[in-house]
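Visitor: I am new to this structure. Please take me through one part of it closely, and begin with the whole so that I can find my way.

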Amino acid sequence: MTKLKSVEELKKIRDEARKDLMSRVQTGTRIIIGMGTCGIAAGAREVMQAVLKELDNRKIEAHVETVGCVGMCAKEPLVDVEQAGKSRVRYGNITQEKVPRLIEEHLIRGQVIQEWAVSRMEAQKT
């Protein structure tokens with residue numbers, strides 16, 4: 001890690017981080033991972049790392065966020081995928097090995113993987 005040499009350098013890093021965050025938020029795609037203790041015990045951290053890696057490898061902009069327990073502990077790790085104007089789909093029992101298929105089928109092809117989906121929430125109308 002390099003040392004910061006000036007306040008201007010720190011401001012530049014802050015501005016770049018804000019720009020990166022805004023571009024991710026504005027994509028309209030959110031991936032939400034349950035990271036309660038039950039999720040972490042079931043492998044949610046590894047799933048989150050696999051999601052971030054897969055998005056980076058495929059150059060897909062998406063906002064990845066974590067939440068606490070969502071109350072379906074038996075289905076952990078849980079991953080929600082929400083795209084602008086489409087239903088939010090919650091997938092259960094996701095492993096890091098399942099992540100490439102999840103990204104390919106849901107984000108790229110727009111197809112819900114029915115056998116992994118545990119619930120679906122209708123898109124909010126604005």
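Visitor: Of the 126 residues of the protein chain, what percentage count as buried? After that, please look closely at helix H4.

Guide: This is a predicted model. In the protein chain, 33% of the 126 residues count as buried. The chain has four helices and five strands. From the N terminus on, these elements run α-β-α-α-β-β-β-α-β. Along its principal axes, the C-alpha trace spans about 55 × 35 × 25 Å. Take the contacts between residues at least 6 apart in sequence: 64% of them join residues at least 24 apart.

Now to helix H4. This helix covers residues 99-108. Its buried residues are Val-99, Leu-102, Ile-103, Glu-105, His-106 and Leu-107. What covers them? The cover includes strand E1 (29-34), H3, E3 and strand E4 (88-91).

Start with the cover from helix H3. That helix covers residues 44-58. Two packed helices are described by the angle between their axes and the distance between the axes. For H3 and H4, the angle is about 55° and the axes are 9 Å apart. The two helices are therefore oblique to each other. Their crossing is right-handed.

Which residues meet there? From H3 come Val-47, Ala-50, Val-51, Glu-54, Leu-55 and Arg-58. From H4 come Val-99, Pro-100, Ile-103, Glu-104, Leu-107 and Ile-108. An α-helix has 3.6 residues a turn, so residues three or four places apart point the same way. Val-99, Ile-103 and Leu-107 are among the H4 residues that meet H3. These three are also among the buried residues of H4.

The meeting of H3 and H4 includes a charged pair. Glu-104 forms a salt bridge with Arg-58, and their closest N and O atoms are 2.5 Å apart. This pair links distant parts of the chain, with Glu-104 in H4 and Arg-58 in H3, 46 residues apart. Are these two buried or exposed? Glu-104 counts as partly exposed because its relative accessibility is 22%, where buried means under 20%. Arg-58 is also partly exposed, with a relative accessible area of 30%.

A second salt bridge starts from H4. The side chains of Arg-101 and Glu-115 meet at 2.8 Å, N to O. Here Arg-101 sits in helix H4, while Glu-115 sits in the loop between H4 and strand E5 (117-121). The two are 14 residues apart, and they too link distant parts of the chain. Arg-101 is partly exposed, with a relative accessible area of 33%. Glu-115 has a relative accessible area of 54% and is exposed. Salt bridges that share partners also join Glu-54, Arg-58, Glu-104 and Arg-109 into one network. In the whole structure, a search finds 10 salt bridges.

Now turn to strand E3, another part of the cover over H4. The strand covers residues 79-83. Gln-83 is found in E3. This residue is buried, with a relative accessible area of 14%. Leave aside its neighbours within four places in sequence, and Gln-83 is in contact with Gly-28, Thr-29, His-106 and Leu-107. His-106 and Leu-107 are among the buried residues of H4.

Asp-80 lies in E3 as well. It is buried, with a relative accessible area of 3%. Its side chain makes a polar contact with the side chain of Arg-90, at 2.7 Å. Beyond its neighbours within four places in sequence, Asp-80 is in contact with Arg-30, Ile-31, Ile-32, Arg-88, Val-89, Arg-90 and Met-121.

Finally, look at where H4 stops. Gly-110 follows the helix, and its phi is positive, near 75°.

To retrace the tour: H4 has buried residues covered by elements including E1, H3, E3 and E4. It packs obliquely against H3, at an angle of about 55°. Glu-104 forms a salt bridge with Arg-58, and Arg-101 forms one with Glu-115.

Definitions and conventions:
Residues are numbered from 1 along each chain as its sequence is written. This is a predicted model: local features need pLDDT of at least 70, side-chain atom pairs count only at pLDDT 80 or more; totals for chains, interfaces and linings use all residues. Side-chain values use heavy atoms; hydrogens and water are left out. A salt bridge is a side-chain nitrogen of Lys or Arg within 4 Å of a carboxyl oxygen of Asp or Glu. Buried means under 20% relative accessible area, exposed over 50%, partly exposed in between (1.4 Å probe, protein chains only). A polar contact is a pair of N or O atoms within 3.5 Å; within protein, one must be able to donate a hydrogen and the other to accept it, and residues adjacent in sequence count only if both atoms are side-chain atoms. Contact means heavy atoms within 4.5 Å. Axes are lines fitted to C-alpha atoms, for helices over the stretch in contact, and angles run from 0 to 180 degrees between N-to-C directions. Angles under 35 degrees count as roughly parallel, over 145 as roughly antiparallel, 65 to 115 as roughly perpendicular and the rest as oblique. A crossing is left-handed if the near helix is turned anticlockwise from the far one by less than a right angle, and right-handed if clockwise.
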